[in-house]
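Okay, thanks for squeezing me in. I'll put the structure up and then walk you through a few spots in it.

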Amino acid sequence: MARMFGGLCWLPLCLWLPFTLWLWVYAMPLSGSIAGLAALTLVPKWRRSAWRWALGGVIWLAGLLAVPVVGVSEYAKTTNSLHCRALGYFGEPPSSDCASADVAVGQQLAMEGKPLFSMRERLGVHGFNHLLALGGTIAGLPEVANETVLLSWTSPVDGDLKVVEKTSDFPMRSAKVRKQFARALQRARKRGPLAEGEVRTLEVGGVHWSTGGAGGSGYLSPLRQDSLRVALALEVPDSQLTGLLTRRNGKETVSAGWSGTIAYPASDQAFEMDWPLLTGGTARLRVSEALFAGMQKDRAMNPYFLRYSWAMSPDDPRLSGIERDKSERGWLETQVAR
């Protein structure tokens with residue numbers, strides 16, 4: 001027991017060190033130095049005296065105060081530089097805050113046919129991708145988190161996109177999905193009752209939640225009216241719903257599915273905002289989809305084809321009445337939509 005407890009004492013340090021390393025890799029040296037000092041306070045021997053406890057508290061407090069002054073500024077500088085370079089590489093219109101030098105570097109790399117990012121930059125973006133996934137999991141968006149992690153770990157199969165299969169009715173959390181299946185069932189039943197053993201295709205079609213727009217404004221509609229969790233996970237250009245209505249042994253069953261390609265487009269930005277700095281001015285904070293598209297271009301990340309499948313009854317309560325028009329919402333969706 002004592003040995004196990006001793007091992008657990010090292011757990012906070014083991015969790016913190018990868019984050020500290022990522023700060024250095026992502027060209028955030030001041031933040032990395034502060035995080036390195038904080039890492040020393042997590043060494044079990046550090047906590048053997050009262051004065052070290054007090055000093056450790058001062059270090060962590062200083063680190064927290066440094067986030068809006070140092071951390072935000074360093075993150076914005078690195079991310080925006082890579083973002084603007086990617087836009088130049090893809091020939092997309094640069095954002096208003098892009099430095100012309102960054103755009104020119106991207107254009108030059110494209111003309112020379114060279115990779116967009118260096119190995120260090122790729123490792124930094126991979127680390128950021130995993131931090132996004134961790135944040136998504138904590139925020140109650142596990143499907144989005146899983147999708148983004150897979151982009152870092154998935155490889156093509158014989159030159160084609162890998163197909164990822166999931167058995168789950170997760171898409172049915174969305175009222176939009178429920179309504180489309182309900183309408184498809186109504187159309188199918190207008191063709192008359194099913195014979196024993198008959199299989200009838202449901203005309204469900206494509207499904208989309210985002211209305212477009214920069215800075216995440218395209219997701220305001222699903223946030224207020226639908227399921228943001230589903231929209232963030234399944235909003236892709238080829239998002240498609242399918243269904244088969246089958247009658248066997250006198251019982252009708254719907255075999256439902258959703259499919260789409262999980263990939264980042266070159267021209268879009270997921271979210272951006274101006275963050276006021278304590279030193280004056282603002283920093284443009286963004287989660288850039290163009291940056292991840294550049295990783296795909298370098299084959300450091302790989303798109304894949306995702307397919308959800310599930311079975312349900314045509315009399316499922318989610319396909320009629322109040323339940324049809326109501327989305328399931330987690331705590332984050334409920335709080336942010338207010």
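Let's start with Trp-153: buried or exposed? Trp-153 counts as exposed, because its relative accessibility is 64%, and the cut-off for that label is over 50%. Keep in mind that this is a predicted model, so everything I quote is computed from it. Trp-153 sits in helix H7, which covers residues 142-153. Its side chain makes a polar contact of 2.9 Å with the side chain of His-130. If you want a sense of scale, take Ser-327, which is 174 residues away from Trp-153 along the chain: the two C-alpha atoms are 31 Å apart.

Okay, confidence. The protein chain has an average pLDDT of 89, and 91% of the residues score at least 70. The bit to be careful with is residues 1-6, where the pLDDT is below 50 and the model shows zero contacts beyond near neighbours in sequence.

Now the aromatics. How many aromatic pairs does the count come to? The answer is 14. Take Tyr-26 and Phe-128: their ring centres are 6.2 Å apart and the planes are at 20°, so that pair is stacked. The cut-off for stacked is planes under 30 degrees apart. Tyr-26 is in the loop between helix H2 (11-25) and helix H3 (29-40), while Phe-128 belongs to helix H6 (residues 119-138), so this pair ties together parts that are 102 residues apart in sequence. Both rings belong to residues we call buried: Tyr-26 because its relative accessibility is 2%, and Phe-128 because its relative accessible area is 8%.

Phe-128 has another partner, Phe-292. Here the centres are 6.3 Å apart and the planes are at 5°, so this pair is stacked too. Phe-292 lies in helix H11 (residues 289-297) and Phe-128 in H6, so the pair ties together parts 164 residues apart in sequence. Phe-292 counts as buried, because its relative accessibility is 1%.

Put those on a wider map and you get one aromatic cluster, whose members include Tyr-26, Phe-128 and Phe-292, along with Trp-16, Phe-19 and Trp-22. Trp-60, Tyr-75 and Tyr-264 are in that cluster as well.

On to the cysteines. The count gives one disulfide, and it joins Cys-84 to Cys-98 with an S to S distance of 2.1 Å. Which hand does it have? The torsion about the S-S bond is about -90°, so the disulfide is left-handed. Cys-84 is in helix H4 (residues 50-90) and Cys-98 in the loop between H4 and helix H5 (100-112), so the bond ties together parts that are 14 residues apart in sequence. Cys-84 is buried because its relative accessibility is 1%, and Cys-98 at 14% is buried as well. Cys-14, on the other hand, counts as partly exposed because its value is 47%.

Last stop, the nonpolar side. As a bit of background, nonpolar side chains tend to be buried together in soluble globular proteins. In this model the largest nonpolar core has 60 residues, and those with the most contacts inside it are Phe-181, Leu-202 and Trp-258. Helix H4 gives the most to this core, with eight residues. What does Leu-202 contact, once you leave aside neighbours within four places in sequence? Its partners include Phe-181, Ala-184, Leu-185 and Ala-188, and then Gly-243, Leu-244, Leu-245 and Val-254.

That's my tour, happy to take questions.

Definitions and conventions
Residues are numbered from 1 along each chain as its sequence is written. This is a predicted model: local features need pLDDT of at least 70, side-chain atom pairs count only at pLDDT 80 or more; totals for chains, interfaces and linings use all residues. Side-chain values use heavy atoms; hydrogens and water are left out. Helices (H or I, at least four residues) and strands (E, at least two) are DSSP runs, numbered from the N terminus. Buried means under 20% relative accessible area, exposed over 50%, partly exposed in between (1.4 Å probe, protein chains only). A polar contact is a pair of N or O atoms within 3.5 Å; within protein, one must be able to donate a hydrogen and the other to accept it, and residues adjacent in sequence count only if both atoms are side-chain atoms. Rings of Phe, Tyr and Trp (its six-membered ring) pair if their centres lie within 6.5 Å; planes under 30 degrees apart count as stacked, over 60 as edge-to-face and the rest as tilted. pLDDT is the predictor's confidence in each residue, from 0 to 100. Contact means heavy atoms within 4.5 Å. A disulfide is a pair of cysteine sulfur atoms within 2.5 Å. A nonpolar core is a set of buried Ala, Val, Leu, Ile, Met, Phe, Trp, Tyr and Cys residues joined through side-chain atoms within 4.5 Å.
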